[in-house]
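Work through the exercises below with the model open. Each task is followed by a stepwise solution.

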Amino acid sequence: MKQGFIKVAAVTPKIKVADPVYNGGAICERLEEAWRKGAKIIVFPELCVTGYTCGDLFLQELLLQEAADQLSRIAERTRGKDALVMVGLPLEREGRLYNVAAVLWNGEILGMIPKANIPSYAEFYEGRHFTEGNAEPVPFSFMGKTIPFGTNILFPCETVHGLTVGCEICEDLWVADAPAVNHALKGATVIANLSASNETIGKDEYRELLVKSVSARLICGYIYTSAGEGESTQDLVFGGHDLIAENGTVLARVKKFTCETLYGDIDVGKLLADRRRMGTFGREPEAPYVKVPFRLEVAETELGRCFAPMPFVPGDEEKRRARCEEILSIQSMGLKKRYEHTGLTRAVLGISGGLDSTLALLVTARAFDMLGIDRKGIIAVTMPCFGTTDRTYENACLLARTLGTTLEEVDIKEAVKVHFQDIGQDSSSHDVTYENGQARERTQVLMDIANQKNGLVIGTGDMSELALGWATYNGDHMSMYGVNAGVPKTLVRHLVKYYADICDDKALSDVLEDVLDTPVSPELLPPVDGVISQKTEDLVGPYELHDFFLYYMLRCGYPPAKVYRVAKLAFKGQYDEATIRKWLKIFYRRFFSQQFKRSCLPDGPKVGSVALSPRGDLRMPSDACARLWMDEAEKLG
């Protein structure tokens, strides 16, 4: 539970209809199993103490009394166990019968949550037996103790920041005005649903859609536990379709008809970060609520959930291809609008034979095609200098020609040498001035050609470079429209690969494949034996690590220690802990120190959930202090 992770369990025991004694034993047994495996919130199905399919036997006092006795037995079984437990049973109150969820902790019954919406349609006839639950909690005497009874009860954990648990029952999920809405607005970050949903063809897909949808709308964790084997099959079959979701994503799902316990790790810290970002979230309901606190021992949860090493890149090939097509369309449409607005027909790009400029050129070609403008209006400029290699030079030229653009070459060596003489720079000193002087000369050339041709300079820098400040201020940092500004480096590679795979031109595909095989480099230092000597990732670190850090810092709101924890899981066997720590510290140092470059970022389209535009997603002062983040990062070792 450290850093906001909480392990939860959805448990569907095999039961016997109208046999609370047997069912109580089965529940206790499965409760012990889930607790031993570290679950801190354990949810059983609707009416599981008796079985959901008892029919008119629910009206029998003997069944109700035995169900109450078994609840006391189950509650006692929770004593000394570090978990919040929810279990369903029928309960009589003031002469009326209710379908309730009992919330148990450390031998106590903390509250009774009645079902708010009673279905009486199709195969459901609960209205024959049960009364709709009251929203405002009232005191209820049970087994000699007074406990709150009502739908509007929340259970905040006093020891885990942000963990507040709410509860609804089955049909409550399917209605327009679900109790979970008010629960979330009142502060619930995890909602449990005790359900008995029978199986019909296609119902599982719709059920999963509902769970994903409600967890996304309410920015919450959602534990859905449904009745399974043992229920009467007189007319219906129950599959135990258990689900655990978090903000629109299913973390875990059980294979139906198995009665297996489902585990999932809900990230409460991430949910809180998402809610903080949503200015529209937080209106409190007017309905009165009762909050019943509980406590859990804070320990480090052994995480079972996976963290993709490349969070910006879908792991599934079909989804990845669809994502690439969508991003290319967003980039191209953004540029298309800019040309429609300006009425211009020329574009100027610096092409190096590297990934970023290749992607920018492909996007520009697509935008020109959409506009019906001849690609000859795209001026692809190669500007060889001290670090240019034959391989990148030839690829840049071949790419421009193959795409049907206008290729121009401006050798900037002599211009840079003259500039060095003017400012007294020693050409043998390969320092930052030596490197940036070349980058700024290239930008000057592009801007002036754009003036000559009455065109726009298309920026090539990507989001990862902006995050790290790996761009020369007023050099490659500057353009008139940056088509790659919202694309992280790990995704640039896949976009170029996707284009290579779908294009019909073998010559274009071949040059794109060679670009993909070329080391990432700004080529500002002289090559060694004709080979690139300056490799970006040797200097600034692996982009896959930095993209991972960026995603979990900005999108998920993780502090350095939490980023480090999940990075160790994601890159296990690929990077050792010392390597991850080293580049994590560099990431935070550079991210804070280089904000001034992002503060004057040229226009460019946002393509994903993480963006660095000062006009949109990241309103960060250029002189913000990094102390808190650096101190925590330093403590990692």
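**Exercise 1. A charge over a ring**

Task: Find which ring has Arg598 over its face, and give the distance from the ring centre.

Solution. This is a predicted model.
- Step 1: Go to Arg598, which lies over the face of Phe591.
- Step 2: Read the distance from the ring centre: 4.3 Å.
- Step 3: Look at Phe5 as well, where Lys562 lies over the face at 4.6 Å from the ring centre.

**Exercise 2. Classify two aromatic pairs**

Task: Classify the pair Tyr473 and Phe596 by its geometry, then the pair Tyr551 and Tyr552.

Solution. A pair of aromatic rings is described by the distance of the centres and the angle of the planes.
- Step 1: The model holds 25 aromatic pairs.
- Step 2: For Tyr473 and Phe596, the centres are 5.3 Å apart and the planes make 40°. Planes under 30 degrees apart count as stacked and over 60 as edge-to-face, so an angle in between is tilted. The pair of Tyr473 and Phe596 is tilted.
- Step 3: Place the two residues. Tyr473 sits in the loop between helix H11 (463-468) and strand S20 (481-482), and Phe596 in helix H18 (residues 595-599), so the pair ties together parts 123 residues apart in sequence.
- Step 4: Check exposure. Tyr473 has a relative accessible area of 35% and is partly exposed. Phe596 is partly exposed at 35% relative accessibility.
- Step 5: Turn to Tyr551 and Tyr552. Their ring centres are 5.0 Å apart and their planes stand at 80°, so this pair is edge-to-face. Both tyrosines, Tyr551 and Tyr552, are buried.
- Step 6: Widen the view. Tyr551 and Tyr552 belong to one aromatic cluster whose members include Phe5, Phe307 and Tyr575.

**Exercise 3. Map the nonpolar cores**

Task: Name the residues that touch the most other members of the largest nonpolar core.

Solution. In soluble globular proteins, nonpolar side chains tend to be buried together.
- Step 1: The largest core has 90 residues, and Leu512, Phe549 and Phe591 touch the most other members.
- Step 2: Helix H7 (residues 355-371) gives the most to this core, with 9 residues.
- Step 3: List contacts of Phe549 beyond four places in sequence; among them are Val563, Ile580, Trp583 and Phe587.
- Step 4: Another core, of 37 residues, lies apart from that one and includes Ile153 and Val190.

**Exercise 4. Place Ala68**

Task: Is Ala68 buried or exposed, and which residues does it contact?

Solution.
- Step 1: Ala68 is in helix H2 (residues 61-77).
- Step 2: Buried means under 20% relative accessible area. Ala68 has 9%, so it counts as buried.
- Step 3: Beyond four places in sequence, Ala68 contacts Leu89, Phe142 and Met143.

How values were computed. Residues numbered from 1 in each chain as written. Predicted model: local features only at pLDDT ≥ 70, side-chain atom pairs only at ≥ 80, totals over all residues. Heavy atoms only, no water. Phe/Tyr/Trp six-rings, centres within 6.5 Å; stacked < 30°, edge-to-face > 60°. Helix = DSSP H or I, 4+ residues; strand = E, 2+ residues; numbered from the N terminus. Buried < 20%, exposed > 50% of the residue type's maximum accessible area, 1.4 Å probe, protein only. Lys NZ or Arg CZ within 6 Å of the ring centre and 35° of its normal. Core = buried A, V, L, I, M, F, W, Y, C linked by side-chain atoms within 4.5 Å. Contact = heavy atoms within 4.5 Å.
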